Amino acid sequence: MNVLSVASISKSHGERVLFQNLSFGLDQGQKLGLLGRNGCGKTSLLRMVAGLDNPDQGEVRINKQIRVAYLEQDPLLGTQGAVMDAILHYDRPQSRWLREYYDLTDRELLSDEDVGRMNRLHQVMEEQGLWEYQREFNRLLGELEIPDLKQDLITLSGGQRKRIALAALMVADADLILLDEPTNHLDLHTIEWLENRLKNQKTTLLLVTHDRYFLESVCNGMFELEQGKLYYHQGNYASFLENKETREQIETTDVHKAKAWLRKELEWMRRQPKARGTKSKARIDQFYKVQDKVSNRQVTGKLELDRAGRPLGGKILEISYLRKSYGDRYLICDFTYNFVKGDRVGIIGRNGLGKTTLLNLITGQLRPDGGAVEKGEQTVFGYYTQENLTYKPGQIVLDRVREVTDYIKLSTGREISAADYLNRFLFPPKQQHDKVDKLSGGEKRRLQLLLVLIAQPNFLIMDEPTNDLDLVSLQVLEDFLEKFKGCLLLVSHDRYFMDRLVDHLLIFEGEGLVRNFPGNYTDYRLSLTINPSNLDSQVKSLSNQGSSSNLGSAKRPKTSPSKPTFAQSKRYEELTQYLEAIRLKKSQLLEKLNSVGAAPEDYVQWGMSIKGLQEEEEKAEWEWLELSELF
């Protein structure tokens with residue numbers, strides 16, 4: 001079944017033409033990624049499909065039988081009101097009944113009228129089979145860790161708003177889902193949850209994302225928006241890369257042939273008299289047609305990240321027994337780490353556990369409650385933050401760069417002007433004199449990256465640098481960071497980015513615990529799959545070593561003797577009883593989770609408790625299995 005038809009649409013922003021005469025369609029079940037450079041019109045296209053914007057020309061037609069849901073890059077930004085209203089805002093009977101149900105159950109005293117409403121509501125929910133819908137809703141709240149449906153949206157962080165918007169998207173049960181950078185501001189755990197959910201749903205999907213693992217796992221086709229044209233590639237992201245390379249080679253060959261033909265025809269054009277016959281006129285028309293084709297084939301610029309390096313000293317950065325808490329809640333407790341030359345460290349953990357807090361403590365933007373951060377004399381930080389780019393109202397791009405410096409030194413020793421360096425960052429002369437306000441989200445992030453690099457740091461600290469960058473810019477940034485000779489400290493939800501660039505992880509576990517792990521993100525996930533119990537002892541021993549220079553591969557524990565000792569027999573019995581108690585507790589909590597009539601925050605708490613019990617069960621099972629081989 002055809003879900004969406006887009007016919008000959010065009011869109012411009014002032015003098016800037018995003019695309020012209022685009023036509024495409026989506027069939028039921030297709031899951032397509034929408035790729036393209038920053039500022040090419042991806043978000044504009046999604047907004048037109050969602051009905052939030054209109055094309056300058058053409059038409060967007062959506063099958064009347066389907067429901068559409070759209071997740072924006074920064075959902076609920078500045079929105080006020082309760083969390084429950086944001087999640088259940090789609091105009092569906094189920095949402096209205098559920099909203100009324102929670103409104104009534106939240107009241108301490110019910111009037112006679114309220115009791116009558118509750119009885120009618122119970123009857124409707126029974127007839128419509130909505131108790132299962134309510135159980136699924138509560139389970140969703142637990143999975144996305146949304147504890148308080150009464151909380152005001154204005155108080156929430158970007159990650160919390162994103163999870164609430166995702167809950168609203170899932171509750172809508174839409175046939176066509178539109179996602180604009182859905183992984184931004186999410187932790188790795190939630191990204192993997194969303195990836196598995198979308199992969200297994202039978203909905204139609206059109207999404208913009210820079211997360212290559214996400215594209216590879218979820219999508220079965222790609223749209224590429226380039227130079228105002230839309231190209232379709234069937235298959236996953238790896239197939240897209242192969243098809244794109246083949247297409248570009250063919251196009252380059254065609255342009256070379258056309259240019260050679262034009263050179264020959266130009267001589268003939270110059271020799272022709274003004275009075276021309278019909279045959280000559282056809283040849284002239286063909287000449288101008290080919291000329292237009294070649295001139296419209298713009299040369300795509302390549303982002304160039306080049307700047308002079310700065311040497312590091314003997315002492316780089318020493319962190320000793322660092323502590324930071326807010327009220328009774330510890331984010332960082334007695335964390336110690338000494339950076340050495342060549343350190344490439346990634347930071348992972350769920351939202352709200354203190355990752356950005358650690359970066360702000362290191363850079364001096366926050367004061368610790370205890371401990372010390374000592375920076376070497378020659379260490380120069382370059383801090384790329386999650387915060388939006390700062391600039392004066394009405395300020396133009398070139399002036400914003402000149403606030404930092406007029407000239408930038410390259411790795412060759414040559415100095416170039418701020419304007420030339422902007423050109424290397426894909427800001428052509430005309431755009432350099434545009435107001436910063438006119439830049440797209442991705443272009444602002446690219447400008448922010450430029451402002452960090454021109455200070456010539458030798459210790460780069462990057463907090464979610466992949467947010468809003470297009471894939472082309474992201475690949476260039478990866479190449480640059482891979483060759484970067486200073487230290488790198490990186491927070492990112494982009495798994496591919498982390499895998500390629502870091503060789504050591506700091507894992508935020510909660511309650512102030514920060515653990516060391518030697519390896520990248522995939523290594524860490526594999527270690528969890530193989531043996532969580534051994535991982536715990538391995539990481540605890542590594543956490544006391546302090547420096548990545550001392551981190552080697554963990555040795556396997558010595559094999560136990562063939563006959564169990566008294567202590568091993570006792571431990572085996574303890575684990576057997578412990579596992580029985582965990583499974584009984586899980587069973588009780590699952591029974592509560594599938595019940596009706598409890599407060600929403602109770603369901604969330606039960607869901608989180610079940611997760612914790614499952615983790616404890618896995619650890620205990622591994623130890624129990626190892627001991628069971630001795631009996």
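Which residue caps the N-terminal end of H16? In this predicted model, that job falls to Asp470, whose side chain puts an oxygen 3.1 Å from the backbone nitrogen of Val472.

Let's stay with that helix for a moment. H16 covers residues 471–483, and with 13 residues at 1.5 Å each it should span 18 Å; the C-alpha atoms at its ends sit 19 Å apart, so expectation and model agree. If you look along H16 for side chains tucked away from the surface, you'll find that its buried residues are Leu471, Ser473, Leu474, Val476, Leu477, Glu478, Phe480 and Leu481. Note that the list has Glu478 and Ser473 in it, alongside leucines such as Leu474.

Now hop over to helix H9, which runs through residues 237–271 and holds Lys244. Is this lysine buried or exposed? Lys244 has a relative accessibility of 18%, and buried means under 20%, so Lys244 counts as buried. Setting aside residues up to four places away in sequence, Lys244 touches Glu224, Glu226 and His233. With one of these, Glu226, there is a side-chain to side-chain polar contact at 3.4 Å.

Last stop: Ser440, in the loop that links helix H14 (429–432) to helix H15 (441–453). Its relative accessible area is 22%, which means Ser440 is partly exposed. And what does Ser440 contact, once neighbours within four places in sequence are left aside? The answer is Asn38 and Gly39. Gly41 belongs in this picture too: 399 residues separate Ser440 and Gly41 along the chain, yet their C-alpha atoms are 9.3 Å apart.

Definitions and conventions: Residues numbered from 1 in each chain as written. Predicted model: local features only at pLDDT ≥ 70, side-chain atom pairs only at ≥ 80, totals over all residues. Heavy atoms only, no water. Helix = DSSP H or I, 4+ residues; strand = E, 2+ residues; numbered from the N terminus. Expected span 1.5 Å × (residues − 1). Buried < 20%, exposed > 50% of the residue type's maximum accessible area, 1.4 Å probe, protein only. Polar contact = N/O pair within 3.5 Å; in protein donor to acceptor, adjacent residues only side chain to side chain. Contact = heavy atoms within 4.5 Å.
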